[in-house]
Amino acid sequence: MSPTNLSSMYGIGEVGVKAVKLEQDYIRRSMQQNQTPKFDLASHEESNSLIRRHESEKSKGSTFLKTQVDDSSLCSTSSICSAPICRQFWRAGNYDDRLNSKPASQNGTGYLRIHPKFLHSNATSHKWVFGAVAELLDNSVDEIQNGATFVIVDKILNPRNGTTALLIQDDGGGMDPEAMRRCLSFGFSDKKSKTAIGQYGNGFKTSSMRLGADVVVFSRCQKNRTLTQSVGLLSYTYLMQTRQDRIVVPMVDYQFNANSGTWNTLHNEQQLKNNLSILLQWSPVATEAELLKQCDDIGPHGTKIIVYNLWHNDDGKMELDFESDPEDIRILGKGNNNEKVSYMVEASERHIGNRFRYSLRAYLSILYLQVPEKFSILLRGRVVEYHNIAADLKFPEFIMYRPQNVEGSVLTTIGFLKEAPAVNIHGFNVYHKNRLILPFWHVVTYSDSRGRGVVGVLEANFIEPTHNKQEFEKTPVFQKLETRLKEMTQEYWDYHCGLIGYQVKKKPRPNVMPQCGSDSRLSNGIYQPVMLSRDSSKTIGAKASPAAGARRDEGVTSKRKGHDHFVEPERVKRIGAIASRSTGSAQGGAVQIAIDPAELLEEQEASEVIKENEKLRAQCKEYETTDEELNLKITRLTTEVREARREYARLLIESNLLEKVKKENRQAKHV
């Protein structure tokens with residue numbers, strides 16, 4: 001897919017540069033204040049066109065997927081921004097281009113093209129509408145490295161017809177014209193960072209077309225001391241109603257000339273006319289002034305996305321519900337059950353483990369494992385508060401998992417929800433590069449409550465997500481992870497269910513230390529509960545010793561097996577003497593749990609470190625308080641000294657006056 005302007009469509013040729021005069025003093029003042037000059041349409045109409053040659057970039061030795069469109073195909077047959085014929089997303093794939101079909105080659109040259117049907121079929125990868133919203137937010141989060149401090153998700157009204165549209169805007173680095181073309185094309189991704197969430201170059205198209213039939217993108221970018229702004233339109237409505245047989249994406253680009261104080265359009269007059277005609281007929285804005293004002297609203301840099309003609313469900317109502325909660329966006333018909341239910345059912349429905357399925361605010365609060373303090377997600381005018389799922393767990397354990405044939409290890413946090421057993425929620429929350437891929441993933445199915453309330457959290461960067469970032473690729477490594485998490489859940493439940501009132505099915509008995517060969521090693525370390533701060537998981541994972549794990553069994557081989565070459569595939573040998581301790585259950589009973597002395601020693605050391613840490617924190621707090629008091633005292637004394645000096649100066653003046661009066665009186669007496 002290629003945009004319809006510049007050399008991607010017309011090849012090398014003469015390109016018109018329109019100069020738009022701006023007041024010089026205003027431009028200089030704006031640039032000094034780090035503000036972006038606004039586009040003056042009146043000056044734009046009075047300015048003269050300057051002609052310059054624009055050389056298009058050619059890629060050598062590459063295969064192009066190119067869309068060639070003649071001028072006639074760029075003219076819309078509609079004078080207004082019409083809604084798509086079918087408003088239901090899952091029925092919008094019917095497409096008829098028979099009246100506007102074109103041959104597969106022009107001027108004897110064969111080429112490939114992407115049919116508009118692909119926009120819809122490609123978007124069907126998002127079964128869940130919130131997954132599409134998250135995909136757009138990922139682009140904004142990736143912009144944190146370029147200075148982004150916020151992303152806005154809100155409802156706006158389409159000025160054309162007053163219908164609801166979805167706004168997503170950030171203050172990141174923005175996109176220059178070439179980056180905008182890549183964004184609106186398929187398979188291009190400039191994200192090379194290891195921490196970047198996006199990687200396939202397909203997310204924007206699938207997500208925007210899943211949310212609505214049409215999307216317009218405004219972006220402003222300052223790169224290499226050059227300020228540009230670009231506008232692009234991806235409209236399924238336009239393609240469908242004009243019966244195009246290939247994807248046409250109109251774009252307009254402007255470059256600001258700081259020396260002359262002008263905005264220059266990077267198109268010749270015919271290209272600008274063709275592209276603007278489509279943009280103004282099929283986008284929410286009706287005039288060029290309104291279109292350019294959208295760029296001014298971005299600020300000095302950033303990107304604004306408006307998705308309009310939002311899809312409806314099978315009942316003919318909009319999928320996204322903006323009315324039920326003025327501070328949230330919900331999925332229509334979900335979570336609005338007013339029927340009387342039992343306390344346990346109500347507690348489960350209100351838990352975030354269920355609310356995230358229909359509440360965008362709940363989903364965004366757990367979407368990222370860590371969010372920088374300087375970055376905020378604003379949903380409908382209110383900041384989304386970060387929610388740490390691991391902090392919701394009681395009786396947590398920390399298990400080190402080592403994927404087979406993969407370097408490194410993963411720290412898995414597992415425990416009971418604080419509300420257990422009142423809530424019927426369980427599963428693992430699996431993140432990839434800080435992004436939640438599988439929320440409350442059910443790795444076990446139970447008929448007798450085995451696993452009820454058990455929740456885990458881990459970041460699995462050793463497996464790859466699918467294109468919609470709602471699942472992982474079903475590779476052997478992923479399947480082994482699924483098996484291991486199932487074992488973790490069942491083991492944890494079997495030995496800890498008594499803590500929440502269930503009858504313990506497996507009571508560990510004292511074990512005799514087996515004879516261990518020199519080639520045996522401990523595998524996954526199992527750590528006792530330690531309260532984690534928001535940023536402490538990576539630290540603990542880095543310092544955790546793989547040889548510190550305890551193995552619990554009941555005369556059978558432990559399932560907590562490692563995945564490195566030191567561990568035998570069918571069994572794990574136990575090292576060290578086994579002690580036992582009693583853990584009180586919720587029913588007043590006692591559950592015997594086998595403990596390795598090495599683990600017990602590490603627990604004691606960890607406890608001492610924690611106590612020492614708390615003591616140091618308390619001392620630090622005392623020092624900070626003392627420092628604040630001293631600063632206040634210094635300020636107070638400085639003020640007192642200043643007042644004393646003023647009083648001294650006043651008294652000195654009075655003294656001089658008195659001396660003068662006395663002198664005059666003495667002279668008068670002598671006379």
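In this predicted model, Lys304 and Asp297 form a salt bridge whose closest N and O atoms are 3.9 Å apart. The distance qualifies because the criterion admits a side-chain nitrogen of Lys or Arg within 4 Å of a carboxyl oxygen of Asp or Glu. The two partners differ in exposure: Lys304 is buried, with a relative accessible area of 5%, whereas Asp297 is partly exposed at 38%. Lys293 also takes part, as Lys293, Asp297 and Lys304 are linked in a network of salt bridges.

Helix α10 spans residues 288-298. Its buried residues are Glu288, Leu291, Leu292, Gln294, Cys295, Asp296 and Ile298. An α-helix has 3.6 residues a turn, so residues three or four places apart point the same way. Just after α10, Gly299 adopts a positive phi of about 105 degrees.

The count of salt bridges comes to 21. Three of them are listed below with the distance from N to O.

| Salt bridge | Distance, N to O |
|---|---|
| Arg181 and Asp253 | 2.8 Å |
| Arg246 and Asp245 | 2.6 Å |
| Lys304 and Asp297 | 3.9 Å |

The side chains of Arg181 and Asp253 meet in one of these salt bridges. Arg181 lies in helix α6 (residues 177-183) and Asp253 in strand β11 (residues 251-257), so the pair ties together parts that are 72 residues apart in sequence. Arg181 counts as buried because its relative accessibility is 8%, and Asp253 is likewise buried, with a relative accessible area of 0%. In the salt bridge between Arg246 and Asp245, both residues are buried.

Helix α16 covers residues 597-670 and holds residues from two charged surface patches. Asp627 is found in this helix and belongs to a patch of negative charge together with Glu624, Glu628 and Glu629. Asp627 is partly exposed, with a relative accessible area of 43%. Arg666 is also placed in α16, and joins Lys662, Lys663 and Lys669 in a positive surface patch. Arg666 counts as partly exposed at 48% relative accessibility.

For the chain as a whole, there are 16 helices and 25 strands. Of its 671 residues, 47% count as buried. The accessible surface comes to about 34400 Å², and 51% of this area belongs to carbon and sulfur atoms. Among contacts between residues at least 6 apart in sequence, 71% join residues at least 24 apart.

Notes: Residues are numbered from 1 along each chain as its sequence is written. This is a predicted model: local features need pLDDT of at least 70, side-chain atom pairs count only at pLDDT 80 or more; totals for chains, interfaces and linings use all residues. Side-chain values use heavy atoms; hydrogens and water are left out. Patches are made of residues with over 30% relative accessible area and no salt bridge: like charges are joined within 9 Å, nonpolar side chains (Val, Leu, Ile, Met, Phe, Trp, Tyr) within 5 Å. Accessible areas come from the Shrake-Rupley method with a 1.4 Å probe; for residues, only the protein chains shown count as cover. Lys and Arg count as positive and Asp and Glu as negative; His and the chain ends are not counted. The place of a charge is taken as NZ of Lys, CZ of Arg, CG of Asp or CD of Glu. Helices (H or I, at least four residues) and strands (E, at least two) are DSSP runs, numbered from the N terminus. Buried means under 20% relative accessible area, exposed over 50%, partly exposed in between (1.4 Å probe, protein chains only). Contact means heavy atoms within 4.5 Å.
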